[in-house]
Structures are given as C-alpha cells and as structure tokens.
Amino acid sequence: MSHALQDQRPSRAPKSAAPTSLTQGSLPRWAPVAITAASIVLGCGIGALLGLHSKIQWGLLAGLLFVVITYTASSVIENRRQAKDRVATSVVWVCFVLAVVPLLSLLWTTIGRGMEALDGDFLSHSMNGVTSFEPGGGVYHALLGTIEQVALATAIAAPVGLLTAVYLVEYGRGSLAKAVTFFVDVMTGIPSIVAGLFILTTWNLMLGFGPSGFGGSMALSILMMPVVVRSTEEMLKLVPNELREAALALGVPKWRVILKVVLPTAIGGIATGVMLAVARIAGETAPIMLLVFGTQLINPNPFEGPQSSLPLYIWEQYKVGSEASYDRAWAAALVLIAFVMILNLVARGIARWKAPKTGR
C-alpha cells in the first residue's frame, strides 16, 4: 500500500542551478598596463586642457582615472565583487607610487646637484682658509664631526634603550613599567631643540662646560633613546615564548635565557631599530647649533672645542647664497645620505651574521 502511494506522488523536476556571477569573464593580463597608459595619457591631456601647470596635479588626475577606469572595466567585464577587489589593489598601487615618486625625485636631484662638487678633494679637505663665496674647500671636518657625534650618541643611547626594552618586556610589571612606558612615549615626540636646550642648561650653563661634540652627542642620545626602546621592545615581543619556556625548563637562569636565547633571536630587528634611530639623529641641526657651535677647522677631539657636522655644514653653506656654496651644500647632502645608507647596509650585515642559524 505504501509503495502504491509513493508511486502516485508527483515527481519534482530538479531545479536548475542558478548562474553565479563568479563564472563571468575576467580582464586580460595586459589590462592593468593598458589602463595605466590610458590613465597617464588622459590625465596629462585633461591637465593641459584645464590649464594646470603642475605635473603633480597631472599625476593626481592620472591616479584618479586609473582607479575609476579599473573599477568601470572590471564591473562591466567581470563582476562588482571583483571590481571592488581591483579598486582596493589599485588604491594601494597609487599610494605606493605617491610615496615613491617624491623619494626618487629627491634622490635624483640630490645626486645630480651633489655630484657637481663631490670629489676626492671635497672629502679630504676642510673649509680652512677658503672663503664661503669662493669655490673649493671640503667637508672633511663636518664628516669627522658627524661620525664622532653619532658614534658617541649611539654608545650612550643604545645600551640604555636596550636594557630599558628588556626590562619592559621581561621584567616590567605594575606602576613602574607603566610610568617608564609613558615617559618613553613622551620622549618620542620631544622636539630636537628642547633636547638641545636641556643639555645647554645642565651641561654648559650649570656645570660650566664649553661647546663640544660630546654635548651635541648627549642631546642626540636623548632623541635616540625612545626610538631604540620602542623598536627593541617590539622585536623582543616577537620572540616566541616557547623558546623562553624551553630554556627555563632546563634550569637555565632567566638572565642567561635573555642573553643567550632572546637577544640573539631578535638581534636582526634590534640592529635595524638602532640604525633607524641613527638615521633619526644624523640629520639633526638644532642641537648641534646650540651645543657644538660649528667651525671651519678640523677638530678631532669631540670632548673639547667646537666641532662641525654635516647638517650644520649644509645649513651654513646654503645660508651664504653663492653658487659655490650651493654646490657644496648639495654635495654635503649627498654625503649625508650615503652615510646613512652605509650604516643601514652594515646593520643588515651584522643582523644576518648574528642571526640564529636555522636548519632543516
């Protein structure tokens, strides 16, 4: 009986699968290149028709057109979901270009103007006996002062910043750790002139010391410390807790775990953070003007007498206003950029050399 009733029930036809928008076509691989070229041509054309004389405005128009054309083409050929994804990718690329173009323009201008006066004599001579309006002279005394001042500031700030970060990550608990974190955050935003005034008041006026490279180094170390603390703190937090727990389970003291396990694991990031801090202070001018004073002579002793530095030398030469002084300022700026780049390469080499070896 039940079989008969089942046979009498009307059979339902299977529903056809609804077409999904994910199965539609897609843009060809050459589409982004074509859209980029069309956006540049249209942006330049619209900018010229509107009478916009700035190439930056033309570039912004081209970037906006790139996003709009990408969304329109993807919506028509693909689907709205894919169009939104392509718009997000396009915005990222446009922002990347907006960030890179000024940097490349700065490097191109600095290299082009700096190479006009940069040679062996410029790197090996000072401004002793050379009038600022005349050609000649060099940057040796300023380069020597920058190296000594940055080295002293690093010797002061790096150990203090490293130990502070170790305390905050490994030992810091309670109100003291919160207070240290708060003051590190406050120090991060201190203007360089304030650090220079603080050292000027304490070191020069209260204690009676004269201008010297060491005074500038102390002001630079104040600016460097919070950067070292923050970067080192973040690198130490990235070390897996399993490494600490495994070492502690073997009965190793905590200080030895930090010294032999935690710090070697994070040495790459720590070195990079220190180099970022060095780059932060290498171009500071205000503390050097207050504490080092500047000189046209070579002073190899950073603890006595005024010195010069590359940022101060650039400002002094640009202030003169002659063609020769402008060339020397651009050449010194190129030397400063090369100095920071060399330090970063050295830091990467040290980080790769000291990083823990991994095996299969």
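Arg244 and Glu170 are both buried, and in this predicted model they form a salt bridge in which the closest N and O atoms are 2.9 Å apart. Arg244 belongs to helix α10 (residues 241-249) and Glu170 to helix α6, so the pair ties together parts that are 74 residues apart in sequence.

**Salt bridges**

A search of the whole structure finds six salt bridges, and three of them are set out here with their N to O distances.

| Pair | N to O distance |
|---|---|
| Arg86 and Glu78 | 2.9 Å |
| Arg244 and Glu170 | 2.9 Å |
| Asp185 and Arg230 | 2.5 Å |

How accessible is Glu78, the partner of Arg86? Its relative accessibility is 3%, and because the limit for a buried residue is under 20%, Glu78 counts as buried.

The side chains of Asp185 and Arg230 also meet in a salt bridge, and this pair links distant parts of the chain, since Asp185 lies in helix α7 (residues 174-188) and Arg230 lies in helix α9, 45 residues apart. Asp185 is partly exposed, with a relative accessible area of 42%, and Arg230 is likewise partly exposed, with a relative accessible area of 23%. Through salt bridges that share partners, Asp185 and Arg230 are joined with Glu233 and Lys237 into one network.

**Nonpolar cores**

In soluble globular proteins, nonpolar side chains tend to be buried together. The largest nonpolar core of this model has 39 residues, and the members that touch the most others are Ile199, Met224, Leu236 and Val274. Several helices each supply at least two residues of this core, namely α6 (140-171), α8 (192-206), α9 (213-237), α11 (254-265), α12 (267-282) and α13 (286-291). Which helix gives the most to this core? That helix is α9, which contributes ten residues.

Ile199 offers a closer view of the surroundings of one core residue: when its neighbours within four places in sequence are left aside, Ile199 is in contact with Asn204, Gly215, Met218, Ala219, Ile222 and Leu291. A second core, separate from the largest one, has 18 residues, and Ala117, Ala142, Ala333 and Val335 are among them.

**Helix α14 and the residue after it**

Helix α14 covers residues 310-320, and its buried residues include Leu310, Pro311, Leu312, Tyr313 and Ile314, together with Glu316 and Gln317. The helix is followed by Gly321, whose phi is positive, near 90°.

Note on methods:
Residues numbered from 1 in each chain as written. Predicted model: local features only at pLDDT ≥ 70, side-chain atom pairs only at ≥ 80, totals over all residues. Heavy atoms only, no water. Core = buried A, V, L, I, M, F, W, Y, C linked by side-chain atoms within 4.5 Å. Buried < 20%, exposed > 50% of the residue type's maximum accessible area, 1.4 Å probe, protein only. Helix = DSSP H or I, 4+ residues; strand = E, 2+ residues; numbered from the N terminus. Contact = heavy atoms within 4.5 Å. Salt bridge = Lys/Arg side-chain N within 4 Å of Asp/Glu carboxyl O.
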